Amino acid sequence: MTEMLLRDPAAVRALAEAWLWDFGAADDAGTEVLEGVGSRCAVVDLGGAPGGLISTLKEMLDESALPGPATRAVLRRYEPGDYTPAHRFRDEAVGTEGGWTVLCALDDSDLDALTHWDGERFTRTFDRCGVALRLQPEWWCWTSPVRGGVRHTLAIGGDELWTS
């Protein structure tokens with residue numbers, strides 16, 4: 001999927017920075033993606049509670065680029081050298097293990113990317129601000145140590161698909 005997901009990527013990036021600092025995530029750089037295997041990046045779980053941060057975010061999304069109603073969102077901020085070890089794509093949006101996940105970079109980069117299985121081989125998809133990346137939930141992915149500037153990603157997930 002290479003559809004634009006964000007109506008105004010710059011506004012989402014500005015909100016992302018505010019949320020990261022407001023919730024102290026910038027100081028919490030150790031998270032666990034796989035049991036016993038840590039990563040190094042700042043994380044804010046935007047949750048799915050009505051009226052929560054995800055409600056604000058939904059106003060900035062082009063929901064036609066999503067496969068279903070968004071119920072979860074996770075924001076990550078990577079400083080140079082930060083990384084996330086190999087994990088299943090479904091784990092990008094914690095709490096949607098049985099549904100779908102879309103990942104969206106909030107910055108452009110010709111250095112930094114998500115490495116992922118594409119059904120035939122491992123490939124790197126370089127960060128393109130606002131573009132939705134949807135992979136099979138069970139496919140493996142990881143972020144190598146960031147080499148460029150600060151990198152932000154937004155993972156959005158849901159439990160059910162829209163049917164037409």
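A salt bridge is counted here when a side-chain nitrogen of Lys or Arg lies within 4 Å of a carboxyl oxygen of Asp or Glu. The structure is a predicted model, in which local features need pLDDT of at least 70 and side-chain atom pairs count only at pLDDT 80 or more, while totals for chains, interfaces and linings use all residues. Residues are numbered from 1 along each chain as its sequence is written, and side-chain values use heavy atoms, with hydrogens and water left out.

**Exercise 1. Describe the chain as a whole, from its elements to its surface.**

Step 1. Helices (H or I, at least four residues) and strands (E, at least two) are taken as DSSP runs numbered from the N terminus, and on that basis the chain has two helices and eleven strands. Along the sequence their order is α-β-β-β-α-β-β-β-β-β-β-β-β.

Step 2. With buried meaning under 20% relative accessible area, exposed over 50%, and partly exposed in between (1.4 Å probe, protein chains only), 44% of the 164 residues count as buried. The chain exposes about 7800 Å², of which carbon and sulfur atoms supply 51%; these areas come from the Shrake-Rupley method with a 1.4 Å probe.

Step 3. A contact means heavy atoms within 4.5 Å, and among the contacts in the chain with a separation of 6 or more, 74% are between residues 24 or more positions apart.

**Exercise 2. Determine how strand β4 is covered and which strands pair with it.**

Step 1. Strand β4 spans residues 72-78, and seven of its seven residues are buried. One side carries R72, V74, R76 and Y78 and the other A73, L75 and R77, so that by the under-20% criterion both faces are covered.

Step 2. Two strands pair if DSSP finds at least two bridges between them. Strand β3 (residues 42-45) runs antiparallel to β4 and is joined to it by four bridges, with D45 having V74 as its bridge partner in β4.

Step 3. Strand β11 (residues 151-158) also pairs with β4 in the antiparallel sense, over seven bridges, and here Y78 stands opposite R151.

**Exercise 3. Examine three of the salt bridges and place their partners.**

Step 1. The structure holds six salt bridges, and one of them brings the side chains of E92 and R76 together at 3.6 Å, N to O. Because E92 lies in the loop between β5 (84-88) and β6 (100-105) whereas R76 lies in strand β4, the pair ties together parts that are 16 residues apart in sequence. Both E92 and R76 are buried.

Step 2. In the salt bridge of R77 with E79, the closest N and O atoms are 2.2 Å apart. R77 is buried at a relative accessible area of 13%, whereas E79, at 31%, is partly exposed.

Step 3. The side chains of D127 and R151 meet in a salt bridge at 2.7 Å, N to O. This pair links distant parts of the chain, since D127 sits in the loop between β8 (122-126) and β9 (132-133) and R151 in strand β11, 24 residues apart. D127 is buried, with a relative accessible area of 4%, and R151 also counts as buried, at 2%.

**Exercise 4. Characterise the surroundings of T115.**

Step 1. T115 belongs to strand β7 (residues 113-117), and its relative accessible area of 7% makes it buried.

Step 2. Leaving aside residues up to four places away in sequence, T115 touches T123, R124, W140, C141, W142 and S144.
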